[in-house]
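Student: Can we go through this model together? I'd like to know which cut-off sits behind each label.

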Amino acid sequence: MPFRLSRTSSITTETPFGPSILQRSRRRFSSTPISRHGHLEPPKPGEELTVTFIDKEGEKHEFKVKEGDNLLDIAQANDLEMEGACGGSCSCSTCHVIVVSDHYDQMEPADEEENDMLDLAFGLTETSRLGCQVKMSKDLDGLVVQLPAMTRNLSPNDFK
Amino acid sequence: MRLSIQSTPARYSCANLARRLSHARPGRPGALIGALIGGRNGFLSASPLHKHPISTLIPPRLPKTTSRTSLSFQQCHAYTTHPSTTNPNPFRAAIIGSGPAGFYTAYRLLSKLLTAHVDMYEQLPVPYGLARFGVAPDHPEVKNCENKFEEVAEDSRFTYIGNVAVGRDVELKEMKAHYDSIIFAYGASQDRKLGIPGEDLGGVYSAREFVGWYNGLPQLASLAPALDAGEDAIVIGQGNVALDVARILLTPVDALRKTDITEAALETLAKSRVKRVKVVGRRGPLQAAFTVKEVRELMHIPGVSFTPISSSFYPENPKSLPRIQRRIGEVLLKGTPDAPPDTSPKNWSLSFLLSPKSFNPSPDNDKHISSITFAPQRFADDADRYSNAARVVPNTEEQDMTLPASVAFRSIGYKSAALLGLSDIGVLFDSKLGVIPNDAYGRVMSPSLGPGNLSAGHVPGLYCAGWVKRGPTGVIASTMKDAFTTADVVVQDWAEEVPFLGHEEGAKGERRGWDALREKVESRGVRPVGWKEWHVIDKVEKERGAAKGKPREKFGTVEEMLEVLDR
Ligand SMILES: Cc1cc2nc3c(=O)[nH]c(=O)nc-3n(C[C@H](O)[C@H](O)[C@H](O)COP(=O)(O)OP(=O)(O)OC[C@H]3O[C@@H](n4cnc5c(N)ncnc54)[C@H](O)[C@@H]3O)c2cc1C
Ligand SMILES: NC(=O)c1ccc[n+]([C@@H]2O[C@H](COP(=O)([O-])OP(=O)(O)OC[C@H]3O[C@@H](n4cnc5c(N)ncnc54)[C@H](OP(=O)(O)O)[C@@H]3O)[C@@H](O)[C@H]2O)c1
């Protein structure tokens, strides 16, 4: 069981359109996120750094982590929906995150390899990074990142 | 404890569609929610098979119960939120194809649907599709996705059925009775042709053949490309596959010995006389399909120079370009300052605005190519030449250009083909686009199933994912995203109790999938390969590789693979 020190849920699973399909159907569902990797050591007391992930439903997940942990490992150890298709080797763009707190400028800038992969990321923004390349440090305490949607999102534009 | 529900994005869409439809056609009771058929295949309709009155969209509530389930996935956290279902039957899906699309669809389905069981059919004994037979041998990190696939395959609800080609060894119409759903993820096993004279000459190959050959695809083991015929290679097309071909041709063969490239390929490459590789596009550098990392790699091969490109393709201030084009431009315009063309033993170059017209035979050997003639192109008058969508037209003011080529590779895209028997189960393959017609989310569409003058509708139970759904483009990340979308709509449709397979025959009860088919298929002399057996092949391949200092030495033929199992 990965450690989970705290979690703040700001948004419930309510949607403006209806109940989760899970409640309405007679067919059986699991909401199972399977097979996450990552075995992170908990931080030493007094040395915790805080990082918050906002998932694609807008739900916030806050974790206490230790210096040096990277965002991909943190997300996977905590069952967040983030893939690392290439195993964190900076060879794909599946662990794309968007930095939303004002820490972006305090980060080690993305190197060439990371930028090459960011070029392929869906929904690239000015503050996009690859989760596998961002390591937590004291400067990044309080970091907030957003996870882009992993699937094709159906927007009203699709219906035009 | 985790208590959040994985959402299915498509569901929001349905609600949106419902609103739109009810808005568009006021007064129509029970507006339809459901399959949206995008313009892509020329269909536009709402499927009658996804009928849900808006009133079913009642406000949400949080699930009350959580209980742990045991999946065999390593370190998984499975909670069911729905203990009180009345449908006790598992959801049984057949996925056709074990490439990234098949595996990512299986992963998502098994994660989201507790009762899902997946039978994955693969025509070869060995899994992973283009992750094994496409991805370049010098890009091993890309193959790390196989670790995830391995975890998926370890789930007790997953069955791998290798060495069984759907259409050849088992018919779709016989499968249909034993599954709730069939998901097509069989990729693209052919390639596009140029349709110009001389395409069948010796020394002219498709990139797909060449790639399959050096990666050990059994069907292409005997290709023996004529790399010793001369010094000039031309690759037609400017996508990443074209750059893979160029890089393999130019990389010092000793650097490849540490990869899982086949021994046969190493032998042929060691004898290669190719010194110059020209990668020719019909448009300009700002329209090329390759990505920056692959261009950069070609600039760093020892002893290989790059012929500088004309800066006239770029705006005066290249920094004004969008990020992706700008970064590729920087690499191209910088070139290889450390490897000057006149002193480097090998060279690569990019040629632009040339459309292939004919492959020409050699005067000495009319069965083998010696040059290619190209028709010059220019940007269309109305085209923005800095846009990646810029169109070109023939440039009639310039003469045709003929370039020497002792060997040529056509790298203008792969192509999917219809699976044998598709039409028997109501699917009309779109051979023009090379895709299974679908609603862009993954529901297979038929032009004849819809209501009234809205003609298209979802063929119940049938879905598709990956290259056969989108066409042959996109990296593994795009294929993953696409496969997740497909799995999400499958789960959503199952939840909304729309018809699946067998519904129309009134079939009831549990589908038995492969268990019901196995005996019949084996009686035809087919020898299915299970996941544990793949592990045996995998182990022997790795041992063979280790003996040579390679991660793996692939078996070149299906017979050799099976021999390991049956000896
Ligand atoms: C040369 C090349 C290099 C690439 N390199 C990269 C890269 O470096 N990085 C990257 O991110 N992406 C790369 N890609 C893209 C990536 O390979 C694709 O996005 C991905 O493989 C598509 O997955 P798929 O499952 O749709 O198709 P495939 O991978 O082709 O899988 C389809 C599977 O279906 C099986 N099949 C076919 N017919 C049948 C049948 N009748 N019955 C049963 N099984 C059947 C096939 O044998 C195959 O295993 C590359 C592609 C190519 C062509
Ligand atoms: N390392 C990697 O990440 C990697 C490696 C290999 C492949 N892949 C991915 O796999 C996918 C397939 O790659 P691909 O290279 O096969 O396809 P692609 O990216 O679609 O490129 C096809 C190329 O062929 C050209 N072309 C098409 N028809 C032509 C014609 N009739 N005459 C001349 N040129 C023609 C296209 O030019 P126009 O644009 O003018 O049509 C384009 O340059 C891509 O998404 C690619 O990124 C990734």
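**Ligands, a sheet and a buried serine**

Tutor: Start with helix H7 (residues 240-250) of chain B, which gives the most to the shell around ligand 2, with three residues. This is a predicted model, where local features need pLDDT of at least 70, side-chain atom pairs count only at 80 or more, and totals for chains, interfaces and linings use all residues. Residues are numbered from 1 along each chain as written, chains are lettered from A and ligands numbered from 1 in written order, and side-chain values use heavy atoms, without hydrogens and water.

Student: What makes H7 a helix?

Tutor: A helix is a DSSP run of H or I with at least four residues, a strand a run of E with at least two, both numbered from the N terminus. By that count, chain B has 16 helices and 20 strands.

Student: How many residues surround ligand 2, and which are closest?

Tutor: There are 20, and the closest are B:Gln238, B:Arg282, B:Arg283, B:Glu294 and B:Gly474. Each qualifies because one of its heavy atoms lies within 4 Å of the ligand.

Student: What makes the pair between B:Arg283 and ligand 2 a polar contact?

Tutor: A polar side-chain atom of B:Arg283 lies 2.7 Å from an oxygen atom of ligand 2. The label asks for N or O atoms within 3.5 Å (within protein, one must be able to donate a hydrogen and the other to accept it, and residues adjacent in sequence count only through side-chain atoms on both sides), so the pair passes. On B:Glu294, a side-chain N or O atom is 2.7 Å from a nitrogen atom of the ligand. B:Gly474 joins in through a backbone N or O atom, 2.6 Å from a ligand oxygen. Overall, the protein buries 81% of the 910 Å² that ligand 2 exposes when taken alone (Shrake-Rupley, 1.4 Å probe; for residues, only the protein chains shown count as cover).

Student: And which residues come nearest to ligand 1?

Tutor: Of the 32 around it, those are B:Glu122, B:Trp467, B:Gly474, B:Ile476 and B:Thr479. A backbone N or O atom of B:Gly474 is 2.8 Å from an oxygen atom of ligand 1. A polar backbone atom of B:Leu130 also lies 2.8 Å from a ligand oxygen, while for B:Val475 the distance is 3.5 Å. Ligand 1 has 990 Å² of accessible area on its own, and the protein covers 91% of that. Helix H2 (100-112), H7 and helix H13 (476-495) of chain B each give two or more residues to this shell.

Student: Over in chain A, why do S3 and S5 count as paired strands?

Tutor: Pairing takes at least two DSSP bridges. Strand S3 (residues 96-99) and strand S5 (residues 143-146) of chain A have two, in the antiparallel sense, so they meet the rule. In one bridge, A:Val99 partners A:Val145. They belong to an open, mixed sheet of five strands in chain A, ordered S2-S1-S5-S3-S4. Strands S2 (60-65) and S4 (128-130) of chain A stand at the edges with a single partner each, so one side of each has no neighbour in the sheet.

Student: Last one: is B:Ser406 buried or exposed, and why?

Tutor: Its relative accessibility is 10%, so B:Ser406 counts as buried; buried means under 20%, exposed over 50%, partly exposed in between (1.4 Å probe, protein chains only). B:Ser406 sits in the loop between strands S16 (401-404) and S17 (407-410) of chain B. Its side chain reaches the backbone nitrogen of B:Glu231 at 3.5 Å.
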